[in-house]
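I opened the notebook to look up how the chains meet, and then to follow a single residue through its surroundings.

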Protein chains: 2
Amino acid sequence: MIEIKAKWIAADWGTTHMRAWAIGEEDNVLAFRESNEGMKDLQQNEFEPVLLKLIESWLDDTKVTTVMACGMVGSKQGWVETPYLKTPCVPIDNQQLTIATTKDNRIKVNFVPGVMQNNSADIMRGEETQIAGFINKNPDFNGVVCLPGTHTKWVNVKEGQITSFKTFMTGELFGVISNHTLIRHSISIKGWNQAGFEAGIHEGFNNPGSIASNLFSLRAESIVNDLDRDQARSTLSGLLLGVELNGAQTFWENSNVIIIGSQLLSDNYHQGLKILGGQSQLFSLETATLSGLSFAYRELNSN
Amino acid sequence: MIEIKAKWIAADWGTTHMRAWAIGEEDNVLAFRESNEGMKDLQQNEFEPVLLKLIESWLDDTKVTTVMACGMVGSKQGWVETPYLKTPCVPIDNQQLTIATTKDNRIKVNFVPGVMQNNSADIMRGEETQIAGFINKNPDFNGVVCLPGTHTKWVNVKEGQITSFKTFMTGELFGVISNHTLIRHSISIKGWNQAGFEAGIHEGFNNPGSIASNLFSLRAESIVNDLDRDQARSTLSGLLLGVELNGAQTFWENSNVIIIGSQLLSDNYHQGLKILGGQSQLFSLETATLSGLSFAYRELNSN
């Protein structure tokens, strides 16, 4: 068995998950590990042990290995609170990295700051790294990036900067509606019905003010007309995304949107936009994250 | 101490509450009791004992006392499943009452059926009784009745019939958003800020598609600009109601809406409509309920 030793380590540490990559001399991925020990479940003094448990075998005990971390780990409830950059700004500014004080002197942990906007107030942590990664691979890009997730970000990018952005908590709404309202009795846990999704996209987009009524209709349809549970789930997904695409229309109506997110959610957004006549293309979430952290690492060491 | 014996008993038995009134010879209220033993917490065989516990002292042991009940107690998960009337229909049809089989022969329990609509699918249980009560007091009424609640009903009434209606689950959304999303960290438990409510009404009404973004903004504003927690709560309330008033506009734009609901919610709806240029007036929830059950009782005994 070959022992893997990292030149540096990339870490994407969010609210519910932690993902780490051992990076080699050629900026290549040597190994990947992940854990469910997200920021929300950890006390301040637990971050270092959790990180070490995941990456310790990748460390060369004779030197200090740099860890580049992004995500909610840099929030007030995280390991070290990392100040936000303010829009308009480059997504990653290597002068603004924050360093954690560690007990173990084999690691030096750097946090990428999040980005905030004053008016209208908005915040991101983690997505700025993916945007930096995408820009790094596409330096001449001017346009719109959409990062679907629990809190989806629609981001205007111009000349290498984040000029403005808008967050929609559609994913979190889907979660609480499907788990904590009477609709939970009428939908499946997973399963897909394309016609239901498409009908939901149209109705949500055309009549966003009726969302609270269209949601109740899913329950009523299941009682009155025995609505299929997969169809109900897909319609719910379509309705909420359709409402968001109404509110985000200024972002996508004249753009070929770059979508960076998990495969499933990215496909939903791509499809939703297509149904409404919008254009989009997918960019790999992992490539974006690693390219962004790699950019931050190189910048750090070029000074 | 005077012993109260009821001529008949009115019961409004919903998902979370049970309210009962002892009614006298002149259709006057002799006594009122309530309990938190709502439909959702009871097994099928528990309804009779719970009812008796509340009303037993009002019974004359030498005769059978009629109980007129409305609400979710008549649903599939309730005491006896009561079939729905279908729109267009009178709100209460005394030919369609359902009777519970009781062990105790001192009571005869009658359930008022709910009302359903096939297209678009919708259901109500309890509100039909309040509508019947309002119509009973205002026999020439033609117009719109709004019944705010967890599932608010907007109802078209014409010549004594419910012609169509639409349910908005805005109240339930307010509950899950304020208790189960990240917004819970940014809002007070109660408290009021009029400017926040009004701003929410306008923004929700004008930009319903941005609701998932405006919700996230409450959290971002609290982080970025230290938004006051009472203001956040009132803005949340205004935003969700504003979206509903957009979706319900065809109901209220040319009507003087009759609002029947709890005082707090009714005031919110009245205010929200006023802010948007709509007209409404409040009608007492208790009067509506008792007048409706009283109507059902009289009809029952006129046959």
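I began with the contact between the chains of this predicted model, and found that 40 residues of chain A are in contact with 40 residues of chain B. I then looked up the area buried between chain A and chain B, which comes to about 3200 Å², with carbon and sulfur atoms giving 70% of that area. On the side of chain A, I noted that Ala121(A), Met169(A) and Phe216(A) lose the most area to chain B, and that together they account for 19% of what that side buries.

Next I turned to polar pairing between chain A and chain B, where the count of salt bridges is zero, while eight residue pairs are in polar contact, both residues at pLDDT 80 or more.

I asked which elements of chain A supply at least two residues each to the side that touches chain B. They are strands S8 (115–117), S9 (122–124) and S12 (161–168), together with helices H3 (170–180), H5 (211–224) and H6 (229–247). The largest share, 10 residues, comes from H5(A), and I recorded the residues of that side of chain A as 20 nonpolar, 14 polar and six charged.

Last, I looked up Cys146(B), which sits in strand S10 (residues 143–147) of chain B. Is Cys146(B) buried or exposed? I entered it as buried, because its relative accessible area is 0%, and buried means under 20%. Leaving aside neighbours within four places in sequence, Cys146(B) is in contact with Thr152(B), Lys153(B), Trp154(B), Val257(B), Ile258(B), Ile259(B), Ile260(B) and Tyr269(B). I also noted that Cys146(B) and Thr62(B), 84 residues apart in sequence, are 42 Å apart in space, C-alpha to C-alpha.

Note on methods
Residues numbered from 1 in each chain as written. Chains lettered and ligands numbered in written order. Predicted model: local features only at pLDDT ≥ 70, side-chain atom pairs only at ≥ 80, totals over all residues. Heavy atoms only, no water. Contact = heavy atoms within 4.5 Å. Buried area = accessible area lost by both parts, 1.4 Å probe. Salt bridge = Lys/Arg side-chain N within 4 Å of Asp/Glu carboxyl O. Polar contact = N/O pair within 3.5 Å; in protein donor to acceptor, adjacent residues only side chain to side chain. Helix = DSSP H or I, 4+ residues; strand = E, 2+ residues; numbered from the N terminus. Nonpolar A, V, L, I, M, F, W, Y, C, P; charged D, E, K, R; others polar. Buried < 20%, exposed > 50% of the residue type's maximum accessible area, 1.4 Å probe, protein only.
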